[in-house]
Amino acid sequence: MCVSGRCRVTESVLRVGLDLDGSLESLGDSMNDLADALAATGDCDLVRYRSAGPIGPGERGLPGRRLWGPAWRRGRGRVLDRALDGLDLLHVAGLATPPTRRIPLVVSVDDLRPLRGEQHTHQRVAQLRRALDAGATLVASSRVASHEVLDVLGAARAQVAVVPPAVPVVAETTDGTDLVLNVTGAIERLLGVLDELVDVGQRLASPLVVLASEDAAHRVRATNAPVLVRERREARTALGRARCVLHLSDGARFPSFAIAALAAGVPTVARSTSINRELLGGAAILVDDNARLAEALLDSALNEPRRAILRAAGRDRARDFAPQTAAGAYLDLYRRVVQGWAT
């Protein structure tokens, strides 16, 4: 039913359009995980589509998406609610933020890198500001991230919600032997302590495995350090062999790998940054400076009583980020947004 050109929900089941070309994690496809969890609730009639990628079984095709794709990346172009009739809400998490006219738009902002640096000229910033001006609700992955989104975009507090993304389900790791170093945007920090970390690996007779981007991997290899460098697509395999994890990040991305490590029962070490304190505090070893990273990693590998505590605390914390938890939080948000749009 529509009132004054805007549709409102008259039943408890929401019809939601979800763009699956969103945040793709190295451990799996988090958008599909979220979609499956939403569908499983029975409270969401989900229309799955892709703004750019290959269309899979059960996914809606969008006529003219190749033509309109570049414009959607600027928040312009064809109004998408015309192509997806009958929706109550549209949710996107990738680079395509198509305009809507009759239904509200929810935009997940999981990657803060485009919001940093050239804040007043970057296409992503202009795109998100245009979406805000049209009434969209932005979703940050943490409270810390929401503050950065608010500051950069100049948004009102009511325009930015906080819902952590779905972290793919992983199997529990048993008898792992490797020291896994996950690096996202913190390559200088890793290189500054790499010698000490190599010493820890040699002392424990444990392989040192680095998960990094292509550019960061190249810099690690250039040091000739005795480490194994792996691509991010091998993250799930690396986690299954981990004795402990060191997570090094610039804080621009949600720490999915670290949370997956908690879910797998792998003791995890990270720097005590604001985002890590919010998301990992009490479940991981957080240290204040680089000088203590190697010491903390060694402790996480050898201190069996502490390892037992970290395994239990980690699995408990990871439940807060399971796909089912994320789906429930998003459904609550969808209902609030649709209700606000209808009034």
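**Exercise 1. Find which strands helix H12 lies across, and place them in their sheet.**

Solution. Step 1: in this predicted model, helix H12 (residues 323-342) lies across E3, E4, E5, E6, strand E7 (137-140) and E8. Its direction runs at about 130 degrees to E5.

Step 2: look up how these strands are arranged. They form an open sheet of six strands in the order E4-E3-E5-E6-E7-E8, with parallel pairing. The edges are strand E4 (44-49) and strand E8 (160-162), each of which pairs on one side only. From one strand to the next, the twist averages 25 degrees.

Step 3: add another helix that packs on the sheet. Helix H1 (residues 30-41) touches E3, E4 and E5, and its direction makes about 155 degrees with that of E4.

Step 4: check one pair of strands in detail. Strand E3 (residues 14-19) pairs with E5 in the parallel sense over three bridges. Within this pair, Val16 stands opposite Leu89 in E5.

**Exercise 2. Decide whether Thr97 is buried or exposed, and list what it touches.**

Solution. Step 1: locate the residue. Thr97 lies in the loop between strand E5 (89-92) and strand E6 (105-109).

Step 2: apply the cut-off. A residue is buried under 20% relative accessible area. Thr97 has a relative accessibility of 2%, so Thr97 counts as buried.

Step 3: list the contacts. Leaving out residues up to four places away in sequence, Thr97 touches Trp72, Gly75, Val92, Val107, Arg124 and Gln127.

**Exercise 3. Describe the sheet that contains E12 and E13, and the helices packed on it.**

Solution. Step 1: write down the strand order. This open sheet of six strands runs E11-E10-E9-E12-E13-E14, with parallel pairing. Strand E11 (228-230) and strand E14 (285-287) are the edge strands, each pairing on one side only. Neighbouring strands are turned by 20 degrees against each other on average, direction ignored.

Step 2: examine the pair E12 and E13. Strand E12 (residues 242-249) and strand E13 (residues 268-271) run parallel and are joined by three bridges. Across this pair, His247 has Ala270 in E13 as its bridge partner.

Step 3: add the helices. Helix H5 (residues 187-204) packs on the sheet and touches strand E9 (178-184), strand E10 (208-211), E12 and E13. The direction of H5 makes about 175 degrees with that of E9. Helix H10 (residues 293-302) also packs on the sheet, touching E9, E12, E13 and E14, and its direction makes about 155 degrees with that of E12.

**Exercise 4. Follow strand E13: which residues are on each side, and how does the chain reach and leave it?**

Solution. Step 1: recall the general pattern. In a regular strand, side chains alternate between the two faces of the sheet.

Step 2: apply it to E13. Thr268 and Ala270 are on one side, and Val269 and Arg271 are on the other. These residues are all buried, and both faces of E13 are covered.

Step 3: find the partners of Val269. Val269 is the bridge partner of Leu246 in the pairing with E12. The chain crosses from E12 through helix H8 (residues 256-263) to E13 in a right-handed β-α-β crossover. Val269 also stands opposite Ile285 in E14.

Step 4: continue to E14. E13 and E14 pair in the parallel sense over three bridges. Together with helix H9 (residues 274-280), these two strands make a right-handed β-α-β unit.

**Exercise 5. Locate the largest nonpolar core and find which element gives it the most residues.**

Solution. Step 1: recall the general tendency. In soluble globular proteins, nonpolar side chains tend to be buried together.

Step 2: identify the core. The largest nonpolar core has 34 residues, and those with the most contacts inside it are Leu181, Leu190, Leu197, Val210, Val227, Leu246 and Leu297.

Step 3: assign it to elements. E9, H5, E10, helix H6 (214-222), E12, E14 and H10 each give two or more residues. H5 gives the largest share, eight residues.

Step 4: inspect one member. Beyond its neighbours within four places in sequence, Leu246 is in contact with Val180, Leu181, Asn182, Leu197, Val269, Leu293 and Leu297.

Step 5: note what lies elsewhere. Another core, of 32 residues, lies apart from the largest one and includes Tyr49, Ala140, Val149 and Ala252.

Notes:
Residues numbered from 1 in each chain as written. Predicted model: local features only at pLDDT ≥ 70, side-chain atom pairs only at ≥ 80, totals over all residues. Heavy atoms only, no water. Pairing = 2+ DSSP bridges. Helix = DSSP H or I, 4+ residues; strand = E, 2+ residues; numbered from the N terminus. Axes fitted to C-alpha atoms, helices over the stretch in contact; angles between N-to-C directions. Contact = heavy atoms within 4.5 Å. Core = buried A, V, L, I, M, F, W, Y, C linked by side-chain atoms within 4.5 Å. Buried < 20%, exposed > 50% of the residue type's maximum accessible area, 1.4 Å probe, protein only. Right-handed = clockwise from strand over helix to strand, strands pointing away.
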